[in-house]
Number of protein chains: 2
Amino acid sequence: MMEKRRRGNDLDSAILDAAWLELSERGYAGLTMEAVAARAGTSRPVLSRRWDGRAALTVAALRHQMHKHPLTVKDRGDLRKELLELLDRAADRAAGVAVGLAFFANEYFQHTRSSPLELRAQLLLGEANVLTPILDRAVARGEIDAKKLVPEVTTLLTDLFRHHVLMTWTAPPPAMRKIWVDAIFLPLVRAR
Amino acid sequence: MMEKRRRGNDLDSAILDAAWLELSERGYAGLTMEAVAARAGTSRPVLSRRWDGRAALTVAALRHQMHKHPLTVKDRGDLRKELLELLDRAADRAAGVAVGLAFFANEYFQHTRSSPLELRAQLLLGEANVLTPILDRAVARGEIDAKKLVPEVTTLLTDLFRHHVLMTWTAPPPAMRKIWVDAIFLPLVRAR
DNA sequence: TTAATAAGATACATTTCCGCATCTTGACGC
DNA sequence: GCGTCAAGATGCGGAAATGTATCTTATTAA
């Protein structure tokens with residue numbers, strides 16, 4: 001029987017995709033090396049040679065997935081447009097947020113004494129903050145009042161987004177995102 | 001050797017307290033019947049006779065703990081006072097929120113297709129909503145504008161609270177709670 | 001063409017935790 | 001005081017995963 005064998009990056013990628021599908025369907029708690037190997041069409045030893053257990057595999061799969069949905073928002077000359085676009089892009093990453101928290105709740109908490117906040121910081125290492133430049137541009141345009149941007153207000157939108165994902169395990173619908181922007185965030189920061 | 005034996009409710013309560021301490025220290029993922037039994041000074045069969053596995057034990061411990069911190073806020077004639085008191089009381093339940101989510105992420109997701117939102121609804125069955133009467137009183141007093149109470153705004157404070165707990169695994173400090181009330185919630189709903 | 005490398009299959013030992021069966025003994029009702 | 005019931009101790013068997021050793025074979029580079 002002639003078999004095709006994948007190697008190196010091809011194989012890495014195939015395994016990480018398989019791991020991601022498993023994570024999406026079963027959750028981190030239901031993830032097994034066996035199932036990932038089977039879905040990727042390979043066997044456990046191949047995974048063991050690459051990653052040190054399912055925790056490391058999960059982090060790798062998470063990074064791999066995040067890499068597919070880069071989060072950037074270009075200057076559109078209008079704060080509202082940019083915020084809505086940011087939330088729209090973030091929706092693609094909702095599943096990753098959920099998996100990340102499940103991972104933390106399952107494992108990270110046991111071995112470290114840290115919080116999901118720190119896990120998030122680790123996962124996002126190297127990624128640029130997207131919100132800050134958006135708000136900086138809006139301040140420069142005179143759209144919003146810099147004095148109103150206390151930390152709790154600054155992170156309001158992303159916090160609401162994250163909260164919704166954590167509680168429903170799904171991305172917030174567009175209508176909800178519009179209300180967050182128009183009825184909550186903008187009224188709080190608008191220069192007037 | 002003379003030994004004292006606890007029975008019925010005394011024993012139940014001792015085991016649930018032990019389970020709660022284990023949950024606080026190790027998290028749900030690190031919870032074992034063995035450890036709970038040991039900490040409660042009893043043995044595994046005693047737990048097995050009462051609860052069907054650690055999932056049921058966790059839910060029971062969660063309910064038991066919630067029962068110790070009832071969440072009620074009396075009429076104080078002032079919305080701001082009542083909101084701050086609500087958040088203050090909620091801080092006692094922060095650990096419960098964290099454990100609840102960890103439990104969901106570990107187990108609930110695998111067996112049901114539901115969300116933490118639904119798990120929360122199950123856990124809070126029978127408990128009265130505390131926020132609603134507070135806001136109703138404030139509307140009656142003319143402190144806030146009922147038209148501004150869209151759902152996303154109504155739940156804003158408790159959502160921010162929950163988000164903070166989920167991300168930091170700790171209760172938000174009083175200063176932060178004050179900013180939420182004074183710089184975010186009240187400006188959005190104040191009748192003017 | 002050939003030699004080195006790594007993929008893929010299989011099997012084995014280990015670990016961890018659970019439920020249950022069994023047995024003794026203390027607690028409580030009558 | 002006595003009988004019933006459940007607490008508490010102990011041990012066994014099983015389920016679920018994991019890591020690793022071993023072996024064959026496809027792939028790739030020289």
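Q: What rotation and what shift along its axis superpose chain B on chain A?

A: Two copies of a chain are related by a rotation about an axis and a shift along it. In this predicted model, a rotation of 180 degrees with 0.0 Å of shift along its axis places chain B on chain A, with an RMSD of 0.1 Å. That is the relation of a two-fold axis. In chain B, H163(B) has the C-alpha nearest the axis, 2.6 Å from it. The superposition is by least squares on the C-alpha atoms of residues with pLDDT of at least 70 in both copies.

Q: How should the numbering and the confidence limits be read?

A: Residues are numbered from 1 along each chain as its sequence is written, and chains are lettered from A and ligands numbered from 1 in the order in which they are written. The model is predicted, with local features needing pLDDT of at least 70, side-chain atom pairs counting only at pLDDT 80 or more, and totals for chains, interfaces and linings using all residues, while side-chain values use heavy atoms and leave out hydrogens and water.

Q: How many helices and strands are in chain A?

A: Helices (H or I, at least four residues) and strands (E, at least two) are DSSP runs, numbered from the N terminus. Chain A has 11 helices and zero strands. Its C-alpha trace spans about 75 × 35 × 30 Å along the principal axes.

Q: What area is buried between chain B and chain A?

A: The size of an interface is often given as the accessible area lost when the parts come together. Here the buried area (accessible area lost with a 1.4 Å probe, summed over both parts) is about 3,000 Å², and carbon and sulfur atoms give 75% of it. E152(B), H163(B) and M167(B) supply 21% of the area that chain B buries against chain A, more than any other three residues.

Q: Which residues and contacts make up this interface?

A: Contact means heavy atoms within 4.5 Å. By that rule, 36 residues come from chain B and 36 residues from chain A. Because 100% of the interface residues of chain B are also interface residues in chain A, the copies meet through the same surface. The count of salt bridges (a side-chain nitrogen of Lys or Arg within 4 Å of a carboxyl oxygen of Asp or Glu) is zero between the two chains. Five residue pairs are in polar contact across the interface, both residues at pLDDT 80 or more. A polar contact is a pair of N or O atoms within 3.5 Å; within protein, one must be able to donate a hydrogen and the other to accept it, and residues adjacent in sequence count only if both atoms are side-chain atoms. On the side of chain B that touches chain A, α10(B) gives the most, with eight residues.

Q: Which residues are closest to DNA strand D?

A: A residue is near a strand if one of its heavy atoms lies within 4 Å of it. DNA strand D is surrounded by 23 residues, and the closest are R5(A), R5(B), T42(B), R49(B) and R50(B). Of the strand's atoms that come within 4 Å of the protein, sugar and phosphate account for 52%.

Q: Which parts of DNA strand D do R5(A), M33(A) and T42(B) approach?

A: A polar side-chain atom of R5(A) lies 2.8 Å from a base oxygen. For M33(A), a polar backbone atom is 3.2 Å from a phosphate oxygen. In T42(B), an N or O atom of the side chain is 3.0 Å from a phosphate oxygen.

Terms used. Buried area = accessible area lost by both parts, 1.4 Å probe.
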